[in-house]
Amino acid sequence: MTMQVANVSCVAIGGRAIMIEGPPGSGKTSLALSLIDRGAQLVGDDGIELTGSDGPPFAGPAPQISGKIEVRNVGIVELPTTRAPLALILSLEDDAERYPLAIAERTVMGAAIPILKFRPGDAIQALRAEYALEKHGLPLRPSPSSGAKDKS
């Protein structure tokens with residue numbers, strides 16, 4: 001089972017994928033680049049492909065744009081990509097709660113994935129995203145195949 005998701009960015013940290021969603025211009029790619037600068041790996045920018053049917057789906061690069069990320073004021077840059085199980089969704093929203101009392105979930109391809117409203121644009125955003133993954137993300141699960149990386 002395969003599903004394409006457009007208008008999202010996605011990176012992997014420690015073998016777990018964070019999907020970053022929000023309206024155009026909200027800072028999805030900027031957050032992805034900040035996380036990549038801190039050691040994350042690109043899964044996809046402006047679109048990803050979700051696959052799998054048992055447990056959380058695996059996020060991988062969309063074939064038509066694999067390895068490409070738009071760097072504002074620079075252009076399209078090519079980076080290596082990877083695949084990882086989807087562990088957290090960050091939804092960039094101006095009205096994100098400072099201290100969320102409960103973490104919502106969204107069903108993605110039959111799996112409940114934690115979703116966290118996330119305030120865009122802060123200088124410390126990448127560090128907060130790493131803490132969000134550690135605190136609220138799904139635990140790491142092994143890849144169903146040994147070839148989990150896509151060196152596109």
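## A walk from the core outwards

Let's start on the inside: the largest nonpolar core has 40 residues, and the members that touch the most others are L31, L35, I48, L50, L90 and F118. Several parts of the chain feed into this core, with two or more residues each from β1 (2-13), β2 (16-21), α1 (28-37), β3 (41-51), β7, β9 (111-118) and α2 (125-136). Who gives the most? That's β7, with seven residues. Grouping like this fits a broader pattern: in soluble globular proteins, nonpolar side chains tend to be buried together. Keep in mind as you look around that this is a predicted model.

Pick out L50 from that list of well-connected core members. Setting aside residues up to four places away in sequence, L50 touches M1, T2, M3, V5, P57, F58, A59, L86, V108 and M109.

Now zoom out to the whole fold. The protein chain has two helices and nine strands. If you follow the sequence from start to end, they come in the order β-β-α-β-β-β-β-β-β-β-α. The radius of gyration is 14 Å, close to the 15 Å from the globule rule for 152 residues, so the chain is as compact as a globular protein of that length. Along its principal axes, the C-alpha trace spans about 40 × 35 × 25 Å.

How does the chain connect with itself? Take the contacts with a separation of 6 or more: 67% of them are between residues 24 or more positions apart. As for what's hidden, 46% of the 152 residues count as buried.

Next, the outside. The chain exposes about 8,100 Å², and carbon and sulfur atoms supply 52% of that area. There are charges to think about too: 15 positive and 17 negative ones, with mean positions 3 Å apart.

Let's finish with two threonines. T29 sits in helix α1. Is T29 buried or exposed? Its relative accessible area is 17%, and buried means under 20%, so T29 counts as buried. If you leave out neighbours within four places in sequence, T29 is in contact with S9, D45, I69 and E70.

The other one, T82, lies in the loop between β6 (75-78) and β7 (84-92). Even though you'll find T82 in a loop, this residue is buried, because its relative accessible area is 3%, under the 20% cut-off. You can also compare its position with that of D46: the two residues are 36 apart along the chain, and their C-alpha atoms are separated by 15 Å.

Methods: Residues are numbered from 1 along each chain as its sequence is written. This is a predicted model: local features need pLDDT of at least 70, side-chain atom pairs count only at pLDDT 80 or more; totals for chains, interfaces and linings use all residues. Side-chain values use heavy atoms; hydrogens and water are left out. Helices (H or I, at least four residues) and strands (E, at least two) are DSSP runs, numbered from the N terminus. The radius of gyration is taken over C-alpha atoms; the globule rule is 2.2 Å times the number of residues to the power 0.38. Buried means under 20% relative accessible area, exposed over 50%, partly exposed in between (1.4 Å probe, protein chains only). Contact means heavy atoms within 4.5 Å. Accessible areas come from the Shrake-Rupley method with a 1.4 Å probe; for residues, only the protein chains shown count as cover. Lys and Arg count as positive and Asp and Glu as negative; His and the chain ends are not counted. The place of a charge is taken as NZ of Lys, CZ of Arg, CG of Asp or CD of Glu. A nonpolar core is a set of buried Ala, Val, Leu, Ile, Met, Phe, Trp, Tyr and Cys residues joined through side-chain atoms within 4.5 Å.
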